[in-house]
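Colleague: Please take one part of this model and go through it closely. I would like the sheet, what lies across it, and the loops at its ends.

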Amino acid sequence: MEARNSEDVDEVDEAESVDGSDGSDGLEGASDQDGTDTPGTGGRWPRVVAAALIVVLLAAGGTLFAKGRQWRDTPATSNRALTDSGATTRVAGDVSNALGKVFSYSPQATAVTKESAKQLLAGKALQQYAALFGQVEKQAADQKLTLTTHVVRAGVTRLTGDSAHLLVFLDQVYEREGKPATTAAAQLSVTARLRDGHWTVVEITSR
């Protein structure tokens, strides 16, 4: 009896080892099959997410770059009157000096004023000045009139490479021989151009 039972047990063990029906072998096979799918899927997702983030960041970077160019190219940022104090001071000084000379004269020195205008004015400003100064010159001689002009303030409202726009406030003192002096205020809009290193007045408008 014992011999037969031992042989039966051996035969059962051999059969199980051959057909692979052992429970542990079946579980390992299932684990291997699941493992081949799960690691592959888990490895792809991080790569997909990373690629999507890169696309989003590149798009955002491009948008910010375009906005930056717009901000840099706006009229406010291109106006050197807001950023370049040295250039602003220079144009204000040149224009103030020019207006002080061309709007100051005496009965004996109108020729000096006329010559200064030729050097300090140009374009439309010089044409208007030349057309009117003939009358001023005669009036100064007949009435013994002296005009002295002081620039109270010259504010540069816009400044680019070779063009400037200013708002200028003047005090003008009129003196006639034998009469008290009279003071008047004036306000001008002025356009100037940079020529040969100096700012020349090209347009004057009374405000």
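What follows is a walk through the sheet and its surroundings.

Modeller: First, the caveat. This is a predicted model. Mean pLDDT for the chain is 78, with 63% of residues reaching 70 or more. Two stretches call for care. Residues 1-21 stay under 50 in pLDDT, and the model gives them three contacts beyond four places in sequence. Residues 23-37 also stay under 50, with two such contacts. Where pLDDT is low, the predicted coordinates should not be read in detail.

Now the sheet. Four strands form an open sheet in the order E1-E2-E3-E4, and the pairing is antiparallel. Strand E1 (145-159) and E4 sit at the edges, each pairing on one side only. From one strand to the next, the twist averages 35°.

Take the E1 end. Strand E2 covers residues 163-176 and runs antiparallel to E1, with 13 bridges joining the two. One residue pair to look at is Thr148 and Val173: Val173, in E2, is the bridge partner of Thr148.

A helix comes next. Helix H4, residues 85-102, lies across E1, E2, strand E3 (182-195) and E4. H4 runs at about 155° to E1.

Then the loop ahead of E1. Lys144 is placed in the loop between helix H6 (123-143) and E1. Its phi is near 50°, a positive value in a residue other than glycine. Lys144 counts as partly exposed because its relative accessibility is 39%, between the cut-offs of 20% and 50%.

The loop between E3 and E4 holds Asp196. Here too phi is positive in a residue other than glycine: Asp196 has a value near 55°. Asp196 has a relative accessible area of 80%, so it is exposed, the cut-off being over 50%.

What about the other edge, and is Thr200 buried or exposed? Thr200 belongs to strand E4, which spans residues 198-206. Its relative accessibility is 9%, under the 20% cut-off, so Thr200 counts as buried. Which residues does Thr200 touch, leaving out those up to four places away in sequence? One group is Leu120, Leu121 and Ala122. The others are Thr191, Ala192, Arg193 and Arg195.

To put the edge strand and its loop side by side: Thr200 in E4 is buried at 9%, whereas Asp196 in the loop between E3 and E4 is exposed at 80%.

How values were computed
Residues numbered from 1 in each chain as written. Predicted model: local features only at pLDDT ≥ 70, side-chain atom pairs only at ≥ 80, totals over all residues. Heavy atoms only, no water. Buried < 20%, exposed > 50% of the residue type's maximum accessible area, 1.4 Å probe, protein only. Contact = heavy atoms within 4.5 Å. pLDDT = per-residue confidence, 0-100. Pairing = 2+ DSSP bridges. Axes fitted to C-alpha atoms, helices over the stretch in contact; angles between N-to-C directions.
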